[in-house]
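The following exercises ask the student to read a protein model step by step. Each task is followed by a worked solution.

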Amino acid sequence: MVCILGIESSANKVGVGIIRDGEVLSNPRATYHAPFGQGFRPPETAAHHRQNIVRIVIDALQQANIKDPQNEIDGIAYTKGPGMGAPLQVGAIVARTLSQLWSIPLYPVNHCIGHIEMGRLITKAENPVVLYVSGGNTQVISYSSQRYRIFGETLDIAVGNCLDRFARLVELPNDPFPAYNLEQLALEGKKLVALPYTVKGMDLSLSGILSYVERKGLQMIRAGECTAADLCFSLQGCEIVCDR
């Protein structure tokens with residue numbers, strides 16, 4: 001049986017997972033919530049991770065019922081990148097420390113591939129075409145000729161970044177998550193507003209949505225032509241102008 005402890009700290013979440021032969025034994029985490037109206041910045045995010053990561057490692061070991069890590073864990077995996085430099089450094093330092101302390105191998109992992117492989121493990125999918133969407137990535141990916149290849153992607157901003165910035169424009173809080181708050185407010189929306197984005201083959205551009213909301217959407221709210229809930233409702237794809 002192979003048992004791996006993994007550390008993820010690439011953005012505003014820091015987490016530790018322990019997996020044995022495909023079974024997730026534990027996966028505690030903590031999330032940094034930026035102040036209202038702001039995105040999360042590297043220094044504050046890294047400080048949050050430093051304050052929480054030791055406790056999370058201990059919680060992960062306890063939840064997985066690991067009594068002797070040096071003999072029960074076969075390797076330490078950690079997110080090497082891509083991600084935010086300062087938060088990534090926190091996870092890397094802890095991973096290297098545990099590797100040396102317990103004299104077990106260290107495995108740097110590509111953040112994007114980690115997401116894909118986790119999905120394959122949980123769904124049992126074989127050779128999938130993956131739609132990878134996150135705060136920093138929006139890509140269509142598949143495995144071909146012994147490597148993952150990108151067949152389409154965003155030409156400007158990622159879906160997650162778009163949702164976060166959209167939420168700030170309509171003054172939604174970051175806690176628990178901007179996209180969740182946006183989705184909840186969308187339930188109150190009744191009017192569809194056409195929001196423009198562009199699709200070019202397998203690629204797409206989302207910056208037009210934010211530009212429209214900044215230039216016109218907020219004016220429409222102030223003029224009483226629509227509400228913030230209406231804009232959130234429209235963002236969820238009810239009526240999109242697609243410039244092909």
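The exercises below begin with the whole chain and then turn to strands, helices, one residue and the backbone.

**Conventions**

The model is predicted, so that local features need pLDDT of at least 70 and side-chain atom pairs count only at pLDDT 80 or more, while totals for chains, interfaces and linings use all residues. Residues are numbered from 1 along each chain as its sequence is written, and side-chain values use heavy atoms, with hydrogens and water left out.

**Exercise 1. Describe the chain as a whole.**

Step 1. Helices (H or I, at least four residues) and strands (E, at least two) are DSSP runs, numbered from the N terminus. The chain has 8 helices and 12 strands.

Step 2. The C-alpha trace spans about 65 × 45 × 30 Å along its principal axes.

Step 3. A residue is buried under 20% relative accessible area, exposed over 50% and partly exposed in between, with a 1.4 Å probe and protein chains only. Of the 244 residues in the chain, 41% are buried.

Step 4. Contact means heavy atoms within 4.5 Å. Among the contacts with a separation of 6 or more, 63% are between residues 24 or more positions apart.

**Exercise 2. State which strands pair with β1, and in which sense.**

Step 1. Two strands pair if DSSP finds at least two bridges between them.

Step 2. Strand β1 (residues 3-8) pairs with strand β2 (residues 13-20) in the antiparallel sense, over 6 bridges. The two are joined by a hairpin of 4 residues.

Step 3. β1 also pairs with strand β5 (residues 75-81), here in the parallel sense and over 4 bridges.

Step 4. I4 illustrates both pairings: its bridge partner in β2 is I19, and in β5 it stands opposite G75.

**Exercise 3. Determine the strand order of the open sheet that contains β8.**

Step 1. This open sheet has 3 strands in the order β7-β8-β9, with antiparallel pairing. Its edge strands are β7 (129-133) and β9 (147-153), each of which pairs on one side only.

Step 2. Axes are lines fitted to C-alpha atoms, for helices over the stretch in contact, and angles run from 0 to 180 degrees between N-to-C directions. With direction ignored, neighbouring strands of the sheet are turned by 35 degrees against each other on average.

Step 3. β7 and strand β8 (residues 138-144) are antiparallel and joined by 5 bridges. One of the bridge pairs consists of L131 and V140 in β8.

**Exercise 4. Analyse how α5 and α7 pack.**

Step 1. The angle between helix α5 (residues 159-169) and helix α7 (residues 207-222) is about 10 degrees, and their axes are 10 Å apart.

Step 2. Angles under 35 degrees count as roughly parallel, over 145 as roughly antiparallel, 65 to 115 as roughly perpendicular and the rest as oblique. The two helices α5 and α7 are therefore roughly parallel to each other.

Step 3. On the α5 side, C162, R165, F166 and L169 take part, and they meet I209, L210, V213, E214 and L218 in α7.

Step 4. Ala, Val, Leu, Ile, Met, Phe, Trp, Tyr, Cys and Pro count as nonpolar, Asp, Glu, Lys and Arg as charged, and the others, Gly among them, as polar. On this basis the contact of α5 with α7 has 7 nonpolar, no polar and 2 charged residues.

**Exercise 5. Is L231 buried or exposed, and which residues does it contact?**

Step 1. L231 belongs to helix α8 (residues 228-238).

Step 2. Its relative accessible area is 0%, so L231 is buried.

Step 3. Neighbours within four places in sequence are left aside; L231 is then in contact with F166, V170, V193, L195, V213, G217, I221 and C226.

**Exercise 6. Identify unusual backbone geometry in the loops.**

Step 1. Most residues other than glycine have a negative phi, and most peptide bonds are trans.

Step 2. The peptide bond from G81 to P82 is cis, with omega near -5 degrees; P82 is in the loop between β5 and α3. The bond from D175 to P176 is likewise cis, with omega near 0 degrees, and P176 lies in the loop between α5 and α6 (178-186).

Step 3. D21, in the loop between β2 and β3 (23-26), has a positive phi near 50 degrees.

Step 4. N127 also has a positive phi, near 50 degrees, and is placed in the loop between α4 (111-123) and β7. N127 is exposed because its relative accessible area is 57%.
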